[in-house]
Amino acid sequence: MAFIIKPLVTEKMNDLTEKSSADKKLYTSEKKAQAKNATAETRSYVVKSKHKEAQTKEKTVYTYTKQAKPKYGFIVKPEATKVAIKKEVEQLYNVKVTDVNTILYAGKRLARYTKAGLVRGQKNAFKKAIVTLKEGYTIDFYSNIK
């Protein structure tokens, strides 16, 4: 059964994809530094107080880079499960999926004033799935456009 309605290729989703596709520089504590292969960095800063002279102090900071994981969005049917979405994305795009996050959106009520009076309506409810792929895999939505 086809659960995927369409891929989400919007500006907001592209920002999320670009943000998650960039390696991140993170800080960690001294205890966890060895497990994450963090590098030590010594930073010096000046402490000023009203009654004493300015003092220069040093602090050791441990940093490591977190590898990027590409994320892609899809609008899916509300009855779709995470397992079904994962299987379908892997089948359609020949990729390995590591994680699937789903969000249910309720239909929003709308009203506008026209010559005929107040016109009321409602947007459809839908479900969005954000799929995280394994390192090295990408989905090109524009490959089949001629």
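Lys-128 is buried in this predicted model, because its relative accessible area of 16% falls under the 20% limit. The residue is found in strand S9, which covers residues 126–133. Its side chain is joined to that of Tyr-105 by a polar contact of 3.3 Å. Tyr-105 is itself part of a strand, since S6 runs over residues 97–105.

Strand S9 belongs to a protein whose secondary structure comes to three helices and nine strands. Along the sequence, these elements follow the pattern β-α-β-α-β-β-β-α-β-β-β-β. The protein has 146 residues, and 25% of them count as buried. Lys-128 is one of the buried residues.

A further lysine, Lys-36, has another setting. Lys-36 is placed in the loop that links helix H2 (30–33) to strand S3 (39–47). It counts as partly exposed because its relative accessibility is 39%, a value between the 20% and 50% limits. Lys-36 also takes part in a positive surface patch, together with Lys-24, Lys-32, Lys-66 and Lys-69. Patches are made of residues with over 30% relative accessible area and no salt bridge, so Lys-36, at 39%, meets the accessibility condition, whereas Lys-128, at 16%, does not.

Charge pairing is the next topic. Side chains of opposite charge can pair when their charged atoms come close. How many salt bridges does the structure hold? The structure holds one, and it is formed by the side chains of Arg-43 and Glu-41, with a distance of 3.4 Å from N to O. The pair counts as a salt bridge because this distance is within the 4 Å cut-off. Both numbers fall in the range of strand S3, 39–47. Arg-43 is partly exposed, as its relative accessibility is 34%. Glu-41 is also partly exposed, with a value of 26%.

Backbone geometry draws attention to Asn-94. Most residues other than glycine have a negative phi, and most peptide bonds are trans. Asn-94 is not a glycine, yet its phi is positive, at about 55 degrees. The residue lies in the loop between helix H3 (82–93) and strand S6 (97–105). Is Asn-94 buried or exposed? Asn-94 is exposed, because its relative accessible area of 63% is over 50%.

Two pairs of C-alpha atoms relate positions that are separated along the chain. Leu-110 has its place in strand S7, residues 109–114, and is partly exposed, with a relative accessible area of 44%. Its C-alpha atom is separated by 5.5 Å from that of Gln-122, although the two residues are 12 positions apart along the chain.

The other pair involves Pro-78, which lies in the loop between strand S5 (71–76) and H3. Pro-78 is partly exposed, because its relative accessible area is 49% and the exposed class begins over 50%. What separates the C-alpha atoms of Pro-78 and Ile-4? The separation is 10.0 Å, for residues 74 apart along the chain.

Technical notes:
Residues numbered from 1 in each chain as written. Predicted model: local features only at pLDDT ≥ 70, side-chain atom pairs only at ≥ 80, totals over all residues. Heavy atoms only, no water. Patch = residues over 30% accessible without salt bridge, like charges linked within 9 Å, V, L, I, M, F, W, Y side chains within 5 Å. Areas by Shrake-Rupley, 256 points an atom, 1.4 Å probe, with all protein chains shown as cover. Lys, Arg positive; Asp, Glu negative; His and termini not counted. Charge placed at Lys NZ, Arg CZ, Asp CG, Glu CD. Helix = DSSP H or I, 4+ residues; strand = E, 2+ residues; numbered from the N terminus. Buried < 20%, exposed > 50% of the residue type's maximum accessible area, 1.4 Å probe, protein only. Polar contact = N/O pair within 3.5 Å; in protein donor to acceptor, adjacent residues only side chain to side chain.
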